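Student: Hey, can we go through this one together? I'd like to get a feel for the fold and then look at the ligand.
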Amino acid sequence: MNDDLPSEIERIRKVSQDADCLATEQEVAAAFDTMAQAITQRLKDKLPVVYCVMNGGMFTTSELLKRLDFPLEVDYLHATRYRRKTEAGDLHWRVEPEVAMKGRSVLVIDDILDEGATLAAILDHCREQGAKEVTCAVLVDKKHNRKAVEGFSADFTGLEVEDRYLFGCGMDYQGYLRNLPAIYAPQGL
Ligand SMILES: O=P(O)(O)OC[C@H]1O[C@H](OP(=O)(O)OP(=O)(O)O)[C@H](O)[C@@H]1O
Ligand code: HPA
């Protein structure tokens with residue numbers, strides 16, 4: 001963190017102001033509506049446990065939960081490959097889920113499927129723990145051919161977005177800007 005707070009705030013504001021908007025707040029809201037309908041259709045009679053993947057997944061989890069009108073349990077887990085950086089490293093488990101998933105129908109929610117290694121590892125973990133059915137939802141699937149598992153996609157995807165570094169709707173730029181209600185890409189990335 002820069003010791004000069006005003007200049008750090010200005011730097012982050014400028015990244016946000018200069019960025020390209022790739023999906024507006026209205027487009028994002030419509031995507032959440034559609035995802036929630038599909039999730040309801042599939043899980044409404046299964047008493048699922050919903051796991052939010054922290055930190056990025058909290059925005060999408062919250063937006064989806066508001067739209068899911070059936071009984072479910074909520075928990076969270078924290079596995080990260082990026083740790084505030086814009087390039088990935090090894091998967092690091094910070095917090096494992098507390099609500100047991102053995103025999104349960106599980107829905108894992110995250111903000112983005114980029115290379116997909118994070119989600120693939122989390123889904124494997126859920127299966128290893130004995131979940132009966134494992135599904136996943138992401139707001140964004142990034143369009144490129146670098147997926148960790150070829151052809152890997154989420155069960156519920158909100159938007160397909162071009163191959164640039166993204167922020168907003170839970171996705172961070174150097175730890176910041178997760179709180180923006182639309183999806184952006186910074187200049188030059
Ligand atoms: O598909 P991948 O290439 O594996 O990347 C996607 C993951 O990266 C981000 O998490 P990150 O590790 O940055 O942690 P964060 O949620 O705290 O931002 C994002 O929230 C996903 O969990
Ligand atoms: O494009 C991204 N933005 C923010 N976080 C991410 N984690 C993987 N890809 C991204």
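Tutor: Sure. One term to start with: two strands pair if DSSP finds at least two bridges between them. And keep in mind that this is a predicted model.

Student: OK, so how many bridges join β2 to β3?
Tutor: There are 6 bridges between β2 (residues 49-54) and β3 (residues 73-80), and the two strands run parallel.

Student: Which residue in β3 stands opposite methionine 54?
Tutor: That's histidine 78.

Student: And what's the strand order in the open sheet?
Tutor: The 6 strands go β4-β3-β2-β5-β6-β7, and the pairing is mixed. β4 (92-95) and β7 (156-161) each have a single partner strand, so one side of each has no neighbour in the sheet. From one strand to the next, the twist averages 25°.

Student: What about helices? Which strands does α2 lie across?
Tutor: Helix α2 (residues 25-43) lies across β5, β6 (133-142) and β7, and runs at about 150° to β7. Then there's α4, which packs on the sheet and touches β2, β3, β5 and β6. The direction of α4 makes about 170° with that of β5.

Student: Switching to ligand 1: which residues come nearest?
Tutor: Gly56, Thr80, Tyr82, Asp114 and Thr118, out of 18 residues around ligand 1.

Student: Which element gives the largest share of that shell?
Tutor: β5, with 4 residues. Both β5 (105-113) and α4 (117-128) supply at least two.

Student: And how does the shell split by class?
Tutor: Around ligand 1 you get 7 nonpolar, 5 polar and 6 charged residues.

Terms used. Residues are numbered from 1 along each chain as its sequence is written. Chains are lettered from A and ligands numbered from 1 in the order in which they are written. This is a predicted model: local features need pLDDT of at least 70, side-chain atom pairs count only at pLDDT 80 or more; totals for chains, interfaces and linings use all residues. A residue is near a molecule or strand if its C-beta atom, placed from the backbone, lies within 6 Å of it. Ala, Val, Leu, Ile, Met, Phe, Trp, Tyr, Cys and Pro count as nonpolar, Asp, Glu, Lys and Arg as charged, and the others, Gly among them, as polar. Axes are lines fitted to C-alpha atoms, for helices over the stretch in contact, and angles run from 0 to 180 degrees between N-to-C directions. Two residues are in contact if their C-beta atoms, placed from the backbone, lie within 7 Å.
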